[in-house]
Amino acid sequence: MTDLSLTPNLLKADIQRHLTYTLGKDESTASHYDWRMALSFAIRDRIVGPWFASTRRTWAEGRKRVYYLSMEFLIGRILQDATVNLGLTDTVEAAMAEVGQDFRVLAGEEPDAALGNGGLGRLAACFMESMATLGCPAYGYGIRYEHGLFRQRFEGGRQVETPEDWLSQSNPWEFPRPESAYTIGFKGHVETQGGREVWVPGETVLAEAHDTPVIGWQGRWANTLRLWAAKPTTLFDLERFNRGDYAAAAEPEALARTLSRVLYPDDTTYQGKELRLKQEFFLTSAALQDILRRYLSAQSDLRALPAHVAIQMNDTHPAIAGPELVRLLSDVHGMAFDDALDTARACLGYTNHTLLPEALETWATFTFGTVLPRHMQIVERIDSWHRRAHPNRPHHVGIVKHHEVRMGELAFVMAHKVNGVSALHTDLVKATLFPELHRLHPDRIVNQTNGVTPRRWLKMCNRPLAGLITETVGAGWEDDLDRLRGLERHVDDAGFRGRFDTAKRANKVAVSNWIGQAFGVQVSPDALFDVQVKRIHEYKRQLMNILECIAHWHGLRSGVVANPVPRLRIFGGKAAPGYAVAKEIIRLINDVAAVVNADPVVGDLLKIVYPPNYNVSMAERLIPASDLSEQISTAGKEASGTGNMKFMMNGAPTIGTLDGANVEILQEVGADNFFLFGLTAEQVARRREDPDQSRKAIEASPALQAVLQMIAEGRFSPDEPDRYHGLVNGVWHGDYFLVASDFDAYHAAQGQVSQAYADRDRWLRMAALNTARSGFFSSDRTIRGYMKGHLGRDACALGAA
């Protein structure tokens with residue numbers, strides 16, 4: 001619980017003690033870094049108590065544990081988040097002020113942990129925080145990436161990737177656990193010994209644990225995020241070193257560290273593919289060995305494992321968990337193969353996060369068999385077992401097909417539950433992604449719509465709005481978000497709308513100042529802040545957004561836009577290093593921004609800003625200041641989205657398609673408070689049947705024709721007029737994600753946005769109702785659904801489920 005006895009003076013004394021005895025610094029010479037580290041250690045001290053107490057209670061009561069396996073945990077900065085959850089914000093601010101430091105400045109200098117890319121990793125972080133808030137005993141398992149995804153910067157408008165350096169500073173939140181280390185094998189061969197198959201790896205590394213406690217709301221419970229760092233099994237070859245072969249002497253360490261250096265290495269080469277597969281197995285094998293070690297320290301019957309262990313695979317990256325758990329149970333612990341298979345399936349759950357077939361992951365049987373020869377045998381045996389169990393299945397249904405191992409099918413077959421992450425997505429998983437498997441297993445696919453933690457995404461990042469909510473509905477909404485409905489009866493009160501506007505404007509002023517200082521673009525906080533921040537991908541249609549920006553700019557210049565509303569269009573997000581089209585879209589956005597922002601004719605009526613290196617901390621800055629949430633993906637392609645929920649929670653109406661969780665946002669907020677446009681998923685499928693659909697759509701749209709013509713003529717790239725011919729040609733011929741087909745509807749919807757924003761009372765009412773009706777999208781609700789559905793009600797230690 002929140003420590004009400006902790007005064008600023010007591011906390012200050014702890015901070016000073018850590019400054020002196022942990023960091024070895026004197027107050028007179030301490031830097032911002034020193035004060036932040038000392039404060040972090042003092043806050044961590046307050047987390048360790050509930051962390052230990054939660055662990056002891058879990059052991060004492062024999063609680064079932066959740067184990068969440070994810071390649072990404074985009075946890076963001078921890079200092080301010082932990083302070084909020086412990087209820088110590090005022091105490092910390094006062095204590096730091098007494099030593100002449102500004103808590104917000106110190107918290108803003110903490111590096112973002114570079115452990116994820118986008119929604120997948122941020123969802124994992126929200127789930128970990130919600131499980132701690134609800135008292136659900138859990139471990140998160142991931143990789144302790146040294147450099148994460150990459151740090152993005154722009155040169156000449158192009159994305160340039162450089163290594164993230166978040167670990168160049170000490171991490172005060174983690175506890176190294178060198179005693180928790182496991183040997184992970186690769187390659188080699190399989191031998192038959194005593195009638196059993198035995199894998200003899202040709203390469204090995206050590207997975208060494210680093211634990212970060214995750215504290216829940218009010219400090220009532222804490223769980224563990226365990227991240228694995230790769231270490232060599234042979235530290236150093238002294239003989240080679242003494243012969244002068246210095247590089248070769250350090251080769252074991254260099255090869256091991258490669259596994260935990262970078263998230264999602266470029267897999268356009270065979271070496272890149274092999275590295276990604278090794279990373280996925282490294283994470284999964286280390287986690288499963290750790291799970292079995294913990295279980296066997298208190299239990300002896302591995303057949304009872306499902307009663308104590310629930311393992312959730314976050315997308316297909318950890319899908320190797322099925323065959324690896326079977327291998328450990330049968331090859332290492334001597335369980336009969338069929339029993340091992342049944343036990344593994346009863347433990348495993350699979351969350352699907354994508355409707356893009358190419359994102360489900362497939363591995364060439366040659367690659368898979370080379371890197372994991374024993375697992376190739378087990379996968380083939382699982383596939384044969386499933387075929388025998390369903391003799392009337394369609395012939396093409398299987399895990400191993402066309403010399404490929406299909407990880408989506410493997411995850412489906414090895415999980416006792418498969419969940420989608422929004423109502424529409426779950427229906428499409430059944431109908432289009434795994435239709436044959438769904439017919440064979442009609443009760444396996446369930447829905448658990450995603451959510452986000454309101455502690456970080458409202459209480460922490462939007463203090464003006466959070467304060468207004470508490471003032472209006474009272475304290476305690478942070479872990480009971482349905483109470484936001486209490487705001488509804490106030491939205492017709494002009495005084496409340498005025499206070500809501502004041503809260504929003506405070507955030508917009510802060511962002512306006514930041515943009516001016518950081519990027520030299522002067523923007524008015526009274527402009528409409530129109531924001532699209534997410535991973536750059538064709539299906540998310542940042543291209544359609546920038547094309548509409550050009551159309552709007554052209555309309556302003558030609559005077560056809562009546563009563564224009566000043567707009568700031570903000571983009572943010574990274575493209576995968578090997579994704580050439582996405583990187584071209586980034587460059588186009590920056591080229592258009594350079595022209596528009598320098599145009600004296602348009603002036604302050606339109607500005608475009610693309611801050612580089614979008615991350616959690618930038619999201620915490622931008623989302624509270626946003627007026628309009630861009631959720632414009634091609635219908636039927638976005639699984640859920642969680643950014644859409646954060647924007648809604650912070651009072652930004654959505655402009656969007658009927659895709660992912662947009663459908664449920666529309667249901668919750670109502671059509672009058674959502675700017676809907678575009679084809680439905682069914683209409684998208686039908687439109688694609690026409691091979692000439694893109695040309696027909698463009699010819700029917702004079703506005704889009706004009707935009708594409710300007711780009712093709714080099715209006716935004718005068719030094720290289722043909723720079724974007726490939727992008728323009730892609731829209732004219734092909735346009736798989738139907739930018740052209742939805743363009744006019746999107747353009748018209750943006751006109752409706754301008755009309756609504758010009759009517760301040762109407763807009764503020766819409767914005768406030770978005771916040772008031774966002775309670776459904778708390779990740780607490782999602783976690784309760786998981787626990788009731790297939791993790792077991794008894795997983796919750798605080799009685800919240």
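This note goes through two sheets, the helices that cross them, some salt bridges, a surface patch and one glycine in a predicted model.

1. The nine-stranded sheet. An open sheet is built from 9 strands, and the order across it is β5-β8-β9-β2-β1-β10-β11-β15-β16. Its pairing is mixed. At the edges lie β5, residues 175–186, and β16, residues 445–447, each of which pairs on one side only. From one strand to the next, the twist averages 25°.

2. Strand β1 within that sheet. On one side, β1 is joined to β10 (residues 309–314) by 5 bridges, and the two run parallel. With β2 there are 4 bridges, again in the parallel sense. Tyr68 is a useful residue for locating both pairings: its bridge partner in β10 is Gln312, and its bridge partner in β2 is Gly140.

3. Burial of β1. The strand covers residues 65–69, and 5 of its 5 residues are buried. Arg65, Tyr67 and Leu69 point one way, while Val66 and Tyr68 point the other way. Side chains on either face of β1 are thus listed as buried, Arg65 among them.

4. The β16 edge. Strand β15, residues 417–420, runs parallel to β16 and is joined to it by 3 bridges. To find this pairing in the model, look at Asn419, which stands opposite Val446 in β16.

5. A helix across the sheet. Helix α9 is made of residues 251–259 and lies across β2 (138–143), β5, β8 (203–215) and β9 (222–232). Relative to β9, the helix runs at about 145°.

6. The six-stranded sheet. A further open sheet has 6 strands in the order β19-β18-β17-β20-β21-β22, and here the pairing is parallel. The edge strands are β19 (606–609) and β22 (675–676), each pairing on one side only. At the β22 edge, 2 bridges join that strand to β21, residues 654–656. Ile655 stands opposite Phe675 in β22.

7. The helix over the six-stranded sheet. Helix α31, residues 739–758, lies across β17, β18, β20 (628–631), β21 and β22. The angle between α31 and β18 is about 125°.

8. Salt bridges in general. Side chains of opposite charge can pair when their charged atoms come close. The count for this model comes to 59 salt bridges. Three pairs and one network are described in the next points.

9. Glu203 and Lys187. These two residues form a salt bridge, with 3.7 Å between the closest N and O atoms. Glu203 belongs to strand β8 and Lys187 to the loop between β5 and β6 (189–193), so the pair ties together parts that are 16 residues apart in sequence. Is Glu203 buried or partly exposed? Its relative accessible area is 31%, so Glu203 is partly exposed. Lys187 is also partly exposed, at 21% relative accessibility; the limit for a buried residue is under 20%.

10. Arg455 and Asp780. In this salt bridge the closest N and O atoms are 2.7 Å apart. Arg455 sits in helix α19 (residues 454–460) and Asp780 in helix α33 (residues 779–791), so the contact ties together parts 325 residues apart in sequence. Both Arg455 and Asp780 are buried.

11. Asp530 and Arg569. The closest N and O atoms of this salt bridge are 3.2 Å apart. Asp530 is in strand β17 (residues 528–533) and Arg569 in strand β18 (residues 567–572), and the pair links distant parts of the chain, 39 residues apart. Asp530 is buried, as is Arg569.

12. A network. Which residues are linked in a network of salt bridges? They are Arg177, Asp211, Arg226, Asp290, Arg293 and Arg294.

13. A nonpolar surface patch. Leu235, Phe236, Leu238, Phe241 and Tyr246 make up a nonpolar patch on the surface. Together they have about 540 Å² of accessible area. Leu238 is in helix α7, residues 238–242.

14. Gly775. This residue is in the loop between α32 (760–772) and α33. Gly775 has a relative accessible area of 8%, so it is buried. Leaving aside neighbours within four places in sequence, Gly775 is in contact with Leu481 and Asp482. Its C-alpha atom is separated by 9.5 Å from that of Trp477, a residue 298 places away along the chain.

Key. Residues are numbered from 1 along each chain as its sequence is written. This is a predicted model: local features need pLDDT of at least 70, side-chain atom pairs count only at pLDDT 80 or more; totals for chains, interfaces and linings use all residues. Side-chain values use heavy atoms; hydrogens and water are left out. Two strands pair if DSSP finds at least two bridges between them. Axes are lines fitted to C-alpha atoms, for helices over the stretch in contact, and angles run from 0 to 180 degrees between N-to-C directions. Contact means heavy atoms within 4.5 Å. A salt bridge is a side-chain nitrogen of Lys or Arg within 4 Å of a carboxyl oxygen of Asp or Glu. Buried means under 20% relative accessible area, exposed over 50%, partly exposed in between (1.4 Å probe, protein chains only). Patches are made of residues with over 30% relative accessible area and no salt bridge: like charges are joined within 9 Å, nonpolar side chains (Val, Leu, Ile, Met, Phe, Trp, Tyr) within 5 Å. Accessible areas come from the Shrake-Rupley method with a 1.4 Å probe; for residues, only the protein chains shown count as cover.
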